[in-house]
Each structure stands twice: as structure tokens, then as C-alpha cells.
Amino acid sequence: MLRDNRYFGCAHTARGSVWRDARSSLKVLVDGGTWTQIYATKRSRITLSGFTPGVPTAFRVKAENRNQVTLPSNEAEIYPASAPEMTLRFAA
């Protein structure tokens, strides 16, 4: 069951201690629009809310520290546009 509040973990997995104090930048893509930054933090876990069930929504993260920026992460989706159709069968 999908709930309105989402937890999103921000991990810094690059080599070296330079990423220990990195700042995470979280962007969202709603219904095929444009990527928009919605959060910037040094925390490793944040709570997101206010997203509409059924509207395709994706997130990605970048880490920034000492004038270095990582590539964007893979996209994490909630309410994907191409959700598989499900059929429920009842036993008689």
C-alpha cells in the first residue's frame, strides 16, 4: 500500500572522506514535467509529503561538496505511469 508520506534516503557512496560532509540535493519530476529541486540537506533521511496518488512522480539525488558534484542518482518512482495491470481471482 502506498502512503502519502515518503521516506527518501540520501547516500554518499563515493570514495574518500571528502563526501562525509556532502550536501544532498533532491529533485522531483512530476507527470513528465521538468526536474525541480525540492530539498537540499546534509541529513541522511527526510520525509516528503503532498504527492498525489496516480500522478507519475520520480526523484533523483546529487551530492555536492567542496566544489565537486556527483552525477544524478538513478530515478526512484512513486505512482509510475506504466504500473502493471493487476487481476484478482477469488477462489470458489
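**Entry 1: the cavity**

I looked up the volume of the largest cavity in this predicted model and found about 40 Å³. I then asked how many cavities of 30 Å³ or more the structure holds, and the count is one.

I listed the lining of the largest cavity next: Ser25, Lys27, Arg60, Val61, Lys62 and Pro72. By residue class, I noted three charged, two nonpolar and one polar residue in this lining. I also checked which strands take part. Strands β2 (23-30) and β5 (57-65) each supply at least two of the lining residues. The strand that gives the most is β5, with three residues.

**Entry 2: Ser25**

From the cavity lining I selected Ser25, which is found in strand β2. Is Ser25 buried or exposed? I recorded a relative accessibility of 6% for Ser25; the cut-off for buried is under 20%, and Ser25 therefore counts as buried.

I examined the side chain of Ser25 for polar partners and noted a polar contact with the side chain of Gln37, at 3.2 Å. I then collected the residues that Ser25 touches, leaving out those up to four places away in sequence: Gln37, Tyr39, Ala40, Arg60, Val61, Lys62 and Glu64. Arg60, Val61 and Lys62 are thus contacts of Ser25 and also belong to the lining of the largest cavity.

**Entry 3: Tyr39**

I followed the contact list of Ser25 to Tyr39, which has its place in strand β3 (residues 36-41). The relative accessibility of Tyr39 is 28%, so I entered Tyr39 as partly exposed.

What does Tyr39 touch beyond residues up to four places away in sequence? I found Ser24, Ser25, Leu26 and Ile46. I also looked up the separation of Tyr39 and Val28: they are eleven residues apart in sequence, and their C-alpha atoms are 9.2 Å apart in space.

**Entry 4: the loop between β5 and β6**

I turned to backbone angles and noted two residues other than glycine with positive phi: Arg66, near 50°, and Asn67, near 65°. Arg66 lies in the loop between β5 and β6 (68-69), and Asn67 lies in the loop between β5 and β6 as well.

I checked accessibility for both. Arg66 has a relative accessibility of 62% and therefore counts as exposed. Asn67 has a relative accessible area of 85%, so I entered Asn67 as exposed.

**Entry 5: the chain as a whole**

I counted the secondary structure elements of the protein chain and obtained zero helices and seven strands. Read from the N terminus on, their order is β-β-β-β-β-β-β.

What share of the 92 residues in the protein chain is buried? I recorded 26%. For contacts in the protein chain with a separation of 6 or more, I found that 54% are between residues 24 or more positions apart.

**Entry 6: confidence**

I closed with the predictor's confidence. The mean pLDDT of the protein chain is 75, and 71% of its residues reach 70 or more. Over residues 1-18, however, the pLDDT is below 50. I looked up the contacts of this stretch beyond near neighbours in sequence, and the model has 39 of them.

Note on methods
Residues numbered from 1 in each chain as written. Predicted model: local features only at pLDDT ≥ 70, side-chain atom pairs only at ≥ 80, totals over all residues. Heavy atoms only, no water. pLDDT = per-residue confidence, 0-100. Contact = heavy atoms within 4.5 Å. 1 Å grid on protein atoms, 1.4 Å probe; cavity = no way out; pocket = protein on both sides within 12 Å on 5 of 7 lines; lining within 4 Å. Points joined across faces, edges and corners; volume = space filled by probe spheres on them. Helix = DSSP H or I, 4+ residues; strand = E, 2+ residues; numbered from the N terminus. Nonpolar A, V, L, I, M, F, W, Y, C, P; charged D, E, K, R; others polar. Buried < 20%, exposed > 50% of the residue type's maximum accessible area, 1.4 Å probe, protein only. Polar contact = N/O pair within 3.5 Å; in protein donor to acceptor, adjacent residues only side chain to side chain.
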